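Please open the structure in your viewer and set it to a cartoon view. We will walk through it step by step, from the whole chain down to one small region.

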Amino acid sequence: RAARVRPCSPVSGPPPRSPLREWIDSDRPPETNSYVLPPANSFLRRALYECIGQEYQSLVLEHSSDGSNPSSIVVFQLSDAERADREAAKLREAADRAEREVGFYRIFAALSEECRSRRLPLVLHNGITDLLFLLSHFHNPVLPEKWDDAKALVHGYFPTVYDTKFLAENSVLPVAPAGDRAFASTALVDLYGACEPAVGYPLETAPGFDRYDGGGRAHHHEAAYEAYKTGCVYHALCGRILAERIGADQQVDDQLDPVEIFGTLGDEEYAGRNRLCLGLSIYSADLAARAPSLQSPDGSSDPLVRGMTPRSTFVVSGVPAAAHMRGLHAALPRGIRPRPEILWLGDRAFLVAVRGVHGEGPLEADVTAVRATLERRFPLATIGALDEGRDKKGEVAGEDNPKREGMETEG
């Protein structure tokens, strides 16, 4: 037998009005123009909003911002002027909250604006990952699928970028004619130690920011001090590059736009503008390049590093498993400077590159001698230059070693 249930509303009649009515009619001081209703669940709060709003249209109802009463409604009885002032205050509070939530993006936006409007370079050390991290946090969490699109995005925010690691590895002459590298190590701390005596760039801090005055060596790996070291290394490398290119008496004018400094060289690539290291890859990122580059064997827009060229970089696959780096260097012709670059692609394949310096290709005689040595040393191996026999996919003819594909995707 079904029981008859009398229909009813969760709130029978108007919500509790007696205390509220008494508060409305009371003779109270102007500063007590708010009344807090008892806590209620979300359903009852909605009913209260509707019923009180209909019954007392002159009142203002808001959700309590007091942490001790999160489920309460606050009722305000305001004059027209007070209502307008409160609305303005709420707008200011919303703007302040939005400003706080925007947070560090303001720094990113200001940095990009300064770099674009004043043609200032962004200087970093081995920072391609840092740039992509910035894009994923301040542009879009999902980066473009195509590498050239990602580079265009970076280039749009920062039109001029210098990587001190790239400059140190690719744009500075070795100290001695027989040397292969200008610096034994291009880690930032080591570069700073090598450049520090010739830096001549005093550290100036704003009043109250004297943390690094006199005791900087104790602050390695702190972000602000790393930025300072990067700037010092950049300044020192600029002076060294200019001295090598123009003359030892050439000094860097601190007041001169860095873009103008390297414009005097006549060859922007020489100075590493918009060129970044790509980790252990044989490529360097060229942020300004869009169309496929002749320097890149896989048809991308990124050229090879350290003077490598497709015609003088050989892929050697199918070598004996006993082959090792020391034996390879010993087998190559002596007297070639800089020494050929060797990069392993696995246990049975490697790259060997006859390099030039400052964007100039290697000597043809050196390229021929290295290839002849490889063919004698590994008669059963497959040997081919990167620019030989590529099909439409950019693969080297005769190369069936899966490590070859891994090498191409590395950069």
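Here is a short tour, with something to select at each stop.

**Stop 1: the whole chain.** Start with everything selected, and keep in mind that this is a predicted model. Colour by secondary structure, and you can look for 14 helices and 11 strands. The chain has 411 residues, and 40% of them are buried. Now show the surface: about 23700 Å² is exposed, with carbon and sulfur atoms supplying 53% of that area. How much of the contact between residues with a separation of 6 or more comes from residues 24 or more positions apart? These pairs account for 61% of such contacts in the chain.

**Stop 2: a sheet of 3 strands.** Select residues 34-36 (β1) and 59-63 (β2), then add residues 73-77, which are strand β3. Together they form an open sheet, ordered β1-β3-β2, with antiparallel pairing. β1 and β2 stand at the edges with a single partner strand each, so one side of each has no neighbour in the sheet. On average, neighbouring strands here are turned by 25° against each other, ignoring direction.

**Stop 3: the β2 and β3 pair.** Zoom in on these two strands, which pair in the antiparallel sense over 5 bridges. Which residue of β3 stands opposite Glu62? Pick Val74 and you have found that partner.

**Stop 4: a helix on the sheet.** Finally, select residues 42-55, helix α2, which packs on the sheet and touches both β2 and β3. Turn the view to compare directions: those of α2 and β2 make an angle of about 165°.

Technical notes. Residues are numbered from 1 along each chain as its sequence is written. This is a predicted model: local features need pLDDT of at least 70, side-chain atom pairs count only at pLDDT 80 or more; totals for chains, interfaces and linings use all residues. Side-chain values use heavy atoms; hydrogens and water are left out. Helices (H or I, at least four residues) and strands (E, at least two) are DSSP runs, numbered from the N terminus. Buried means under 20% relative accessible area, exposed over 50%, partly exposed in between (1.4 Å probe, protein chains only). Contact means heavy atoms within 4.5 Å. Accessible areas come from the Shrake-Rupley method with a 1.4 Å probe; for residues, only the protein chains shown count as cover. Two strands pair if DSSP finds at least two bridges between them. Axes are lines fitted to C-alpha atoms, for helices over the stretch in contact, and angles run from 0 to 180 degrees between N-to-C directions.
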